[in-house]
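Student: I keep meeting words like "buried" and "oblique", and I'd like to know what stands behind them. Could we go through them with the structure in view?

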Amino acid sequence: MTLRIRINAVPPIAWTAIVALLFTLATVPAQATTELRAGAGIGDITPPVGTPSAGYGDRLGQGMTGIHDPLLATAVAIDNGTKRIVVVGVDHLGYDAGMVAEVVAQVRNKSGDVAVEIYLSSSHTHAGGGAYLDIPGLGTTLAGKFDPTARQLYIDGAADAVLAALGSLRPARFGLGYGHAPGLNGYRGDWPPNVVPADDVAVWKVTAPDGSPIAVLFNFAAHATVLPGRENLEFSADFVGYARDELRRRLGESTVAVFTNGAQGDVSPRPPGGDSMFERCQAMGQQLASIAAEIWERTATTATVDIATVHHGYELEVRPTSRGLTLPGPPRHSELNLIVLDRVHAFVTIPGELSTIYDADIRRFGGWLGFEHTTILGLTNDAHGYIITPESWRHRTYESTVSFGGELYGDTIEAKVFALLHQLEPAGAYHQDQASASSLLAPP
């Protein structure tokens, strides 16, 4: 099935969002490049045995009985002299916006670095730590009984990784590479049928000046759910942990491997084999790592990198799902971000689980603007459920039952992403004069 660009299908409310964003978002000028510095760090976010996990309701909040492999926060920091960013990958179902805000505050308070930009991406493992959702009903179903101590442990571990990365900044080289992992993911959505998700793998190669590895960031879209629910009662990073271990084996044990998930909202893992659940995790992780290592080997690096970012914060008005499930509380703050490296490599952060259908649209739109690659960093700086098309919502797919922005939320998010991409498009800044913007926003 050929996925279509949905530009013309965006509802009026979403086009209003585009125009408003184009006029109100500050255009970020291209950043001057100086000698690059980079650092990496690791934090432990493994809760004590007996803490519930998160993601599978059939565990009924039962505490986990062991630790198969540690749950980690891994971070890579890049500083080009004018902008400093840190990308963090956490072995977790999904840090919410409040948790991310506490991580950022802790890092800035302890480091004194108020300019650093932090992007925290959850792997969405369903064998990670739970007890962190203080939401009556749904929070207990998804993550077990709330425990503020567990929630704080996850925050502190992520902050530790960021602080370690910032504290180890040193001269570095950087490169970007891309490839494919055919057969390792598949579409699980109920509507529309016969969709083929992207199998793209994006790699950040970060080395010392002599070429020795500092960190590798690898991005791939798949639910980290090779491990099932009640059959597994041990904490685990799922296939992600095996992939990190394999990358360290191939690149060097000192390498910090950072995983970011892509647009995995309706995308499942497809492990290549294995007799047991952990053997299947190992097979998938090692194959993904092998592909990422091959990309690493053929990726050239330079001592400079241009970094530009633009941000959009907004209030999400929580609405009933397709089956009437509601969440308590007022509108919640969330955010979208765009990171552009060397002017033509776009990385879009999404605060939830984006449908692969939107991923295809956004990639095409980015290419139309002139970006060589456009990559989704899913579940980043928030995790507020599935972001799906109106058609999927109306067909009452599984994803629509945990989608809290309403029927048109997915198209509105897509429109906001288009506006962000316009801000930093390679062909030059998008210009919309005030008179034209006002006329488009004027009521009929």
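Tutor: Sure, let's begin with burial: buried means under 20% relative accessible area, exposed over 50%, and partly exposed in between, using a 1.4 Å probe and protein chains only. Before we apply that, note that this is a predicted model, where local features need pLDDT of at least 70, side-chain atom pairs count only at pLDDT 80 or more, and totals for chains, interfaces and linings use all residues. Residues are numbered from 1 along each chain as its sequence is written, and side-chain values use heavy atoms, with hydrogens and water left out.

Student: Why is Arg-151 called buried?

Tutor: Its relative accessible area is 16%, and the cut-off is under 20%, so Arg-151 counts as buried. Across the protein, buried residues make up 61% of the 444 residues.

Student: Where is Arg-151, and which residues is it in contact with, leaving aside neighbours within four places in sequence?

Tutor: Arg-151 is in helix H4, residues 148-167. Helices here are DSSP runs of H or I with at least four residues, strands are runs of E with at least two, and both are numbered from the N terminus. With those neighbours left aside, Arg-151 is in contact (heavy atoms within 4.5 Å) with Asp-96, Gly-98, Met-99, Glu-102, Tyr-132 and Phe-146.

Student: What makes H2 oblique to H4?

Tutor: The axes of H2 (residues 97-111) and H4 cross at roughly 45° and come within 9 Å. Angles under 35 degrees count as roughly parallel, over 145 as roughly antiparallel, 65 to 115 as roughly perpendicular, and the rest as oblique. Roughly 45° falls in "the rest", so H2 is oblique to H4. The axes are lines fitted to C-alpha atoms, for helices over the stretch in contact, and angles run from 0 to 180 degrees between N-to-C directions. Among the residues making the contact are Gly-98, Met-99 and Glu-102 of H2, and Arg-151 and Ile-155 of H4.

Student: And how do you know that H7 and H9 are roughly parallel?

Tutor: The axes of H7 (residues 356-369) and H9 cross at roughly 20° and come within 10 Å. That angle is under 35 degrees, so the two helices are roughly parallel to each other. The residues that meet include Tyr-358, Phe-365 and Leu-369 in H7, and Val-417, Phe-418 and Leu-421 in H9.

Student: What is the handedness of the crossing of H7 and H9?

Tutor: Right-handed. A crossing is right-handed if the near helix is turned clockwise from the far one by less than a right angle, and left-handed if anticlockwise. The crossing of H2 and H4 is right-handed too.

Student: Now the strands: why are E5 and E6 called edge strands?

Tutor: Look at the open sheet of five strands with the order E5-E4-E3-E1-E6 and mixed pairing. Strand E5 (117-122) and strand E6 (170-171) each pair on one side only. Two strands pair if DSSP finds at least two bridges between them.

Student: How do you know that E1 and E3 pair?

Tutor: Eight bridges join E1 (residues 37-44) and E3 (residues 72-79) in the antiparallel sense. The requirement is at least two, so they pair. Within that pairing, Gly-41 stands opposite Ala-75 in E3.

Student: Which helix packs on the sheet with the order E14-E15-E16-E18?

Tutor: That open sheet of four strands has mixed pairing, and its twist averages 15° from one strand to the next. Helix H9 (residues 409-423) packs on it, touching E14, E15, E16 and E18.
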